[in-house]
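These are my notebook entries from a reading of one structure, set down in the order in which I looked things up. I put the structure here and begin below it.

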Amino acid sequence: MKFLLVEDNPVEVKLVEAAFRRHPASESITLETTGDLQTGLELIQSSGPFDLILLDLTLPDSSGIETFRHVYKAAPETAVIVATGTDDEKLALEAMHLGAQDYLVKGRFDLPTLLRVCRYAVERKKNELEIKAANAAMARHERVLTETLESLKKSNEELKATRLQLIQAAKLEVVGRLAAGVAHEVKNPLAMLRMGVDYFLKENRFINKTDTFMLDSMDEAIRRADSVIKEMLDFSSLQKLEMQAGDLNELVKRSLLLMKHELDRRHIDIQLDFDANLPAVYMDKNRLEQVLINLLTNAVHAMRENPKLILRTIACPVEQTGFRVGHRKGDYFQVGETVALLEVHDNGAGIDPEHCEKIYDPFFTTKLNQGGTGLGLSIVKSIMEMHRGFIRIANRPEGGGVTAALILKLNEQVPHV
Ligand SMILES: Nc1ncnc2c1ncn2[C@@H]1O[C@H](COP(=O)(O)OP(=O)(O)OP(=O)(O)O)[C@@H](O)[C@H]1O
Ligand SMILES: [Mg+2]
């Protein structure tokens, strides 16, 4: 046991020394003594930590409660017993309030009392430190628990999202197969109808206005049914892709060219924001072109006043785990992997939040009266899946319009056999 006595009165010092000498375990007690605070603090630094400090509050270089404050600050883990003069119990109690273990009033204690007070002080301090450590450990555990809970919550949400996406994928597959079946069945009767209408038109058998009107309407209806069938077949025959390295910027330019007539007619302002150093992308050029044309068509349909499209390409790392991103089996991207990002921003009417979940559903359309079939985005989605990439469509946060983002694999990231 290492004790420190800070006391300037030699009589008191003698008294304490005598008390410790009498102690049955005096062999194992070392007692250092000093008469002023400054040396006391230095001893705490150089020979500490002490098990116990006996501290006279009235010293040549410090007096009152400040004396205790200094010592307690220097040795917060040591039991401190303060000694005060007679009639200064108020000061003693204040010291205890601030962390002293006990107090002695000079001249009012005998040696056994001193020893007992010392022993209890050391034990109490030890208990106090243990409780403090236990509390800190408990707080740490609580923090870890909260963090674990948070991360569990997050994984749970990710899982939910993945599950939804998987259901969606399964739904698409079933619809794809169904569509293929229906399309084949309907193709032949449609061809018959077409032939019939052509026949009557060519023969010019009908001359009155109502007849021609009826015939034209039938012709238009067949044309429409035909295009739906074609899209359905497209949709269900997506398995065969011709993947190769391709220039995404070039592809965007080519798609715009294909749409030029429509874009010019509607006076659409187009801003290109291309990453000139974009690495080659892993793609089926024709299919990806189809994706772009679908997105551009949707954007064009949604815009009214001052229509403006911004097309942006950039290579950037994937930042977060999420759907298709992470270390799970079946994930397309690793966190940190560089991908090609293509964004199509429009300033159109945006998507009704209630529809956001449904836009990829086959046959979901809000343009039934304008000839929409609702197959566009479901095809886009399938094509993106085949590319081991994905699409995100969301309303622009800064108000007005939609951003459609395609995330695609770089060719160099795909293992080629
Ligand atoms: N850029 C956009 N702005 C606003 N709404 C959009 C946008 N893109 C898609 N939508 C909404 O999503 C729906 C589904 O789009 P999708 O392309 O699948 O079908 P469609 O355009 O209606 O028909 P089509 O089969 O001819 O493409 C649209 O009807 C529309 O309500
Ligand atoms: Mg569309």
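**Entry 1, an acidic residue and its partner.** I began with D219, which counts as buried because its relative accessibility is 12%, under the 20% cut-off for that class. I keep in mind throughout that I am reading a predicted model. I then looked for a charged partner and found that the side chain of D219 meets that of R194 in a salt bridge, with 2.6 Å from N to O. This pair links distant parts of the chain, since D219 sits in helix α6 (residues 209-236) and R194 in helix α5, 25 residues apart.

**Entry 2, the other salt bridges.** I noted that the structure holds 17 salt bridges, and I followed some of them. R266 and E262 join their side chains in a salt bridge of 2.9 Å, N to O. R266 is partly exposed, with a relative accessible area of 30%, and E262 is also partly exposed, with a relative accessible area of 22%. Coming back to the pair from my opening entry, I saw that salt bridges with shared partners join R194, D219, R223 and D226 into one network.

I then turned to K154, which forms a salt bridge with E158, and wrote down 3.9 Å for the closest N and O atoms. Both K154 and E158 lie in helix α5 (residues 111-203), four residues apart, or about one turn of the helix. I asked myself whether E158 is buried or exposed. E158 has a relative accessibility of 17%, so this residue counts as buried, whereas K154 counts as partly exposed at 46%.

**Entry 3, a nonpolar patch.** Staying with helix α5, where L178 is found, I looked at the surface. L178, V182 and V186 form a nonpolar patch there, with about 230 Å² of accessible area together. For L178 I recorded a relative accessible area of 57%, and this residue therefore counts as exposed.

**Entry 4, the ligand and its shell.** Which residues are closest to ligand 1? I found 19 residues surrounding ligand 1, and the closest are T365, T366, K367, T373 and L377. I went through the polar contacts one at a time. A polar side-chain atom of T373 is 2.5 Å from an oxygen atom of ligand 1, and an N or O atom in the side chain of T365 is 2.6 Å from an oxygen atom of the ligand. On the nitrogen side, I noted that D346 places a polar side-chain atom 2.8 Å from a nitrogen atom of ligand 1. Taken alone, ligand 1 exposes 600 Å², and the protein buries 90% of that.

I next asked which elements give two or more residues to the shell around ligand 1. They are α9 (285-302) and α10 (376-386), and α9 gives the most, with three residues. Sorted by class, the shell has eight nonpolar, eight polar and three charged residues.

**Entry 5, helix α10 and what follows.** Since α10 had come up in the shell around ligand 1, I checked how covered this helix is. I found α10 mostly covered, with nine of its eleven residues buried; among the buried ones are G376, L377, I379 and K381. L377 is a residue I had already listed among those closest to ligand 1.

Just after α10, I stopped at R388, which takes a positive phi of about 55 degrees although it is not a glycine. R388 is in the loop between α10 and β13 (390-395), and its relative accessibility of 36% makes it partly exposed. I set H267 beside it, a residue other than glycine whose phi is positive and near 50 degrees. H267 is found in the loop between α8 (260-265) and β9 (269-273), and with 67% relative accessibility it counts as exposed.

**Entry 6, a buried lysine.** My last entry is for K409, found in strand β14 (residues 402-409). With a relative accessibility of 5%, K409 counts as buried, so I asked what lies 2.5 Å from a polar atom of its side chain. The answer is the backbone oxygen of Y332.

Definitions and conventions: Residues numbered from 1 in each chain as written. Chains lettered and ligands numbered in written order. Predicted model: local features only at pLDDT ≥ 70, side-chain atom pairs only at ≥ 80, totals over all residues. Heavy atoms only, no water. Near = heavy atom within 4 Å. Polar contact = N/O pair within 3.5 Å; in protein donor to acceptor, adjacent residues only side chain to side chain. Areas by Shrake-Rupley, 256 points an atom, 1.4 Å probe, with all protein chains shown as cover. Nonpolar A, V, L, I, M, F, W, Y, C, P; charged D, E, K, R; others polar. Salt bridge = Lys/Arg side-chain N within 4 Å of Asp/Glu carboxyl O. Buried < 20%, exposed > 50% of the residue type's maximum accessible area, 1.4 Å probe, protein only. Patch = residues over 30% accessible without salt bridge, like charges linked within 9 Å, V, L, I, M, F, W, Y side chains within 5 Å.
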